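I opened a new notebook page for this model. These are my entries, in the order I looked things up.

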Amino acid sequence: MSQGTQPTATQPPPVDPAETATVGHRTPTATGRLSWWHGDGGEGAKRNLALIGVLLALFVIGAATRSDLYSNPDWVWANMLSILKLASVVGVVTVGMTFVIIGGGIDLSVGAIVALAGVWCTTVATQNFGAGGMIFTAIVVGVAVGLVNGTLIAYGRLVPFIATLAMLVAARGLAAEISDKQTQISHNGTINGIASTNLLGIPLLVYILAAVVAAGWVLLNRTTFGRRTVAVGGNPEAARLAGINVKLHTLLLYALSGLCCGIAAIMLTAQATSAQAAMANLYELDAIAAVIIGGTLLSGGRGTIVGSLLGVIIFATITNLFAINGLSTEAQNMVKGGIIVAAVLIQQVQFGSITQFFRRNRLTTS
Amino acid sequence: MSGHDATNEATTGEVVLRLTDVVKTFPGVRALDGVQLEVRAGEVHCLLGQNGAGKSTLIKVLAGVHRPDSGRVEWRGEPVSFANPQAAMRSGIATIYQELDLVEDLSVAENAFLGHEPRRFGFIRRGHMARRTREILGRLGHAEIPPGRMVRALPAAGKQVVSMARALSHEARLIIMDEPSAVLAHDEVGNLIRIVRELTAQGIAVIYISHRLEEIREIGDRVTVLKDGRTTAANLPARETPTSDLVSRMTGRTIEYVFPDRPAGTEVGGELLQVEGLTRAGEFADVSLTVRAGEIVGIAGLVGSGRSEVLETIYGARTAEAGSVRMAGRELRPGSVGAAVRAGMGMAPEERKSQALLLGEPIYRNVTLATFGRYARFGFTNASRERAEADRIAEDLEMRPRDVRRAVGTLSGGNQQKVVVGRWLLGDTKLLLLDEPTRGVDVGARAELYQVIRQLAAQGVGVLLVSSEVPEVLGLADRVLVMREGRVVRTAPAGELDENTVLDLVMAGSLMEGAPA
């Protein structure tokens, strides 16, 4: 049995300022505070508790504004499931995005990859191979595009922002080309059934999300892959000098993100029983926003899968809240924007100061 | 030499800057511990001292970056204390740092007037600014540099001229130059010297810092020597003072280096590392060396002599352009850290924080950064095993605090260094490359690190050590290589060398050799 890496909430021991000081360097002011925000335990757990608090607050707002609906427990349960279902596709994409961002990169092409994989797996030729062929195609397309991203970034030395922005444009273009700008109907009952099947009263899509999140958590917190991700994102030079193959790992991170996009493409195609080049529009923004709200540092090196999941669920809950109150999408987007800003501001306060935030950025990108 | 005539005139100019008993402490260290300095208008005053003698701190005090804790700074007869660098600039003290602080993508004129652009109604007077820049460049003898040219497009020497133009745009009366020749090619140094002479002829005082004694002899009027934060000699004549005199004033030290005794009769094993003809253009050339199992080999040299680059190239962090690196007879693939680590090398790089540590991560994960894969099974990490191994290392190296779940960023420099060294005590490291292992490390932790290094060697690990501190190299190493300007100039057993000999070799004015006199 492994207690794992959860530090049992230890008090930071007092730090002797003379002992922590180093001479001649402009060092970050090393304080005892560092010790409680590291790792996947202490601080991450605290922050996630705060996010759960936000979710509860949203629930209370819902109950206050639509007490008529919330008085019915069956409706509340069904509504929660519909929120989770709403969160499931973006949630899967967000797990991959979390890895990429912890590893010091960013992937703007996720929405486009979902669209390309969705369109490719619903071509007439592919549908002839049945459900297995469609799933295989979606995943292969997703991973392949991710490998292209990763190769450009790791070995072509392109900035992740640029490489994946280019891929965003190119992949959507290719998707439009393949589909001839038409909506492609999925005739496969098994695929379509993924979105409509319930197991023990819970939608299959929610199980898929849970499985991907669980796998992502284990991968990040319990495997050498996860450890390398944190090292590569936190200090690529240190990782390299410790013998870690930073380029290969960077490549794999984008492939992982592509894999998640392939899975999401199947889920989204099943939901719509069709695919088209414009599907999964702006998923990259939803995923990045969820990762940020979840407390992952945009400069890399630290983050949690659970936080990202909570970020996605918070967004879905807000969408749901506005829908049940009959409010506009525009108002909804404004609130979401505000929440992203608030989350980043809270991050900066927690990391001591804005200057430290920028210094970390400089360290990890140089 | 024509420049020599000015000497007497300069040393009789009025005193513009006088420092009396200036003290500056940082937590744990007295960086300046009673500095005296007197600079006259129109003279080139050279500051000499080893790394860590306090030169940089002194410059920063004068530039308004640091404020002294005590002592007097008189500038043109008035006691001053600059609140910030802008204040120092405004009162006429300009500093040219070694890493030129120019904005590469702005023009020459924009850089020269950065922060105090001539304005009218909030708009920059571009024409006026270009005209004044041209005039200043003319004064510097470089009227050929177009004010509109992007700084990025200029060679190193041109950038330095722009830095000086910036100083003059502030009407500086004192210009501080921190190792200005370090970034220049041989033939450009003559030009630098000519510019400095022109500045002093206009009555501007120059504080000139350089490690190159020959340069100081050619350009300097008087020399002040710093050692361990104190002035050990002031106002020596730059040309007449014998080299041995200067060197001994720089080295007669008060900090005690406590080296563990050399274990008697430890036998050195077979050749472990063989480096032949290693070359990287512009960094170092034709470096050959060997390290035997159980042997400590030290490389002495100044910053910029290529010593760190050699170490990183052996480790595969830089790709060799020529030459070979063999570990136990097998040639390593150039430019592959992975291959070096697999062959049994480990490195503690020069910059702990930026090159070796994940500051926000716990100690144990930093200790096992190179080995966590070994404790893993089927790709799953074994955190409790890692903590146990890290605990053992923390115990052996007497890390404080002992709790390996603490974030590494909270440790002192010495303990952080123990984490980096400790990383390579796990696994089967046969050769340890140490780059400035005691930089920023306090005296106590220093002695402990020395002990650790000796013990490792006694266990048969080969050690290749780079340090700017000559006593450290001499006290720790069995064999010493002296590097200067990318080449190994001397290899000898440590017992055959003393500090002054090494310093002479390290600082010999080879820069001026071969340059037109």
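Before I start on strand pairs, a working rule: I call two strands paired if DSSP finds at least two bridges between them. I also keep in mind that this is a predicted model.

**Entry 1: a strand in chain B and its partners**

I began with β21, residues 479–484 of chain B. Which strand runs parallel to β21(B), and over how many bridges? I found β15 of chain B, residues 296–300, joined to β21(B) by four bridges. To pin down the register, I looked up B:G298 and found that its bridge partner in β21(B) is B:V480.

Next I checked β22, residues 487–493 of chain B, which pairs with β21(B) in the antiparallel sense over six bridges. Here I noted B:R479, whose bridge partner in β22(B) is B:P493. The two strands β21(B) and β22(B) make a hairpin, with two residues between them. In that turn I picked out B:E485, which has a positive phi of about 45°.

Is β21(B) mostly covered or mostly open? Mostly covered: I got six buried residues out of six. One side carries B:R479, B:L481 and B:M483, the other B:V480, B:V482 and B:R484, and all of them are buried. I wrote down that both faces of β21(B) are covered.

**Entry 2: a sheet in chain B**

Still in chain B, I traced an open sheet of six strands. What is the strand order? I read it as β6-β9-β10-β3-β11-β12, with mixed pairing. The edges are β6 (93–96) and β12 (230–237), each of which pairs on one side only. Ignoring direction, neighbouring strands in this sheet are turned by 20° against each other on average.

I then zoomed in on one edge. β11 of chain B, residues 222–227, runs antiparallel to β12(B), and five bridges join them. For B:R222, I found the bridge partner B:P237 in β12(B).

**Entry 3: chain A in outline**

Moving over to chain A, I counted 18 helices and four strands. The chain has 366 residues, and buried ones make up 53% of them. I also looked at how far apart in sequence the contacts reach. Of the contacts in chain A with a separation of 6 or more, 77% are between residues 24 or more positions apart.

**Entry 4: two crossing helices**

How do α10 and α14 of chain A lie relative to each other? Their axes come within 7 Å and cross at roughly 90°. An angle from 65 to 115 degrees counts as roughly perpendicular, so I logged α10(A) and α14(A) as roughly perpendicular to each other. For finding them again: α10(A) covers residues 189–196 and α14(A) covers 246–272.

I listed who touches whom. On the α10(A) side the contact is made by A:I191, A:N192, A:I194 and A:A195, and on the α14(A) side by A:I266, A:A270 and A:Q271. Sorting these residues, I got five nonpolar, two polar and no charged.

**Entry 5: cysteines and a threonine**

How many disulfides are there over all chains? I counted zero. I wanted to see why A:C260 has no bond, as its neighbour A:C261 is also a cysteine. The sulfur of A:C261 is the closest cysteine sulfur, yet it is 6.9 Å away, too far for a bond, because a disulfide needs the two sulfurs within 2.5 Å. A:C260 itself is buried, at 5% relative accessibility.

Another cysteine, A:C121, is buried with a relative accessible area of 0%. I came across A:C121 again when I looked at A:T137, which sits in helix α8 (residues 130–154) of chain A. Setting aside neighbours within four places in sequence, A:T137 is in contact with A:W120, A:C121 and A:T126. A:T137 is buried too, with a relative accessible area of 15%.

**Entry 6: positive phi in chain A**

Most residues other than glycine have a negative phi. I therefore noted A:R157 and A:A280 as two residues to look up. A:R157 has a positive phi of about 55° although it is not a glycine, and A:A280 has one of about 55° as well.

Where are they? A:R157 is in the loop between α8 and α9 (160–179) of chain A, and A:A280 is in the loop between β4 (274–275) and α15 (283–293) of chain A. Is A:R157 buried or exposed? Exposed, with a relative accessible area of 68%. A:A280, by contrast, counts as buried at 6% relative accessibility.

Definitions and conventions: Residues numbered from 1 in each chain as written. Chains lettered and ligands numbered in written order. Predicted model: local features only at pLDDT ≥ 70, side-chain atom pairs only at ≥ 80, totals over all residues. Heavy atoms only, no water. Buried < 20%, exposed > 50% of the residue type's maximum accessible area, 1.4 Å probe, protein only. Contact = heavy atoms within 4.5 Å. Axes fitted to C-alpha atoms, helices over the stretch in contact; angles between N-to-C directions. Parallel < 35°, antiparallel > 145°, perpendicular 65-115°, else oblique. Nonpolar A, V, L, I, M, F, W, Y, C, P; charged D, E, K, R; others polar.
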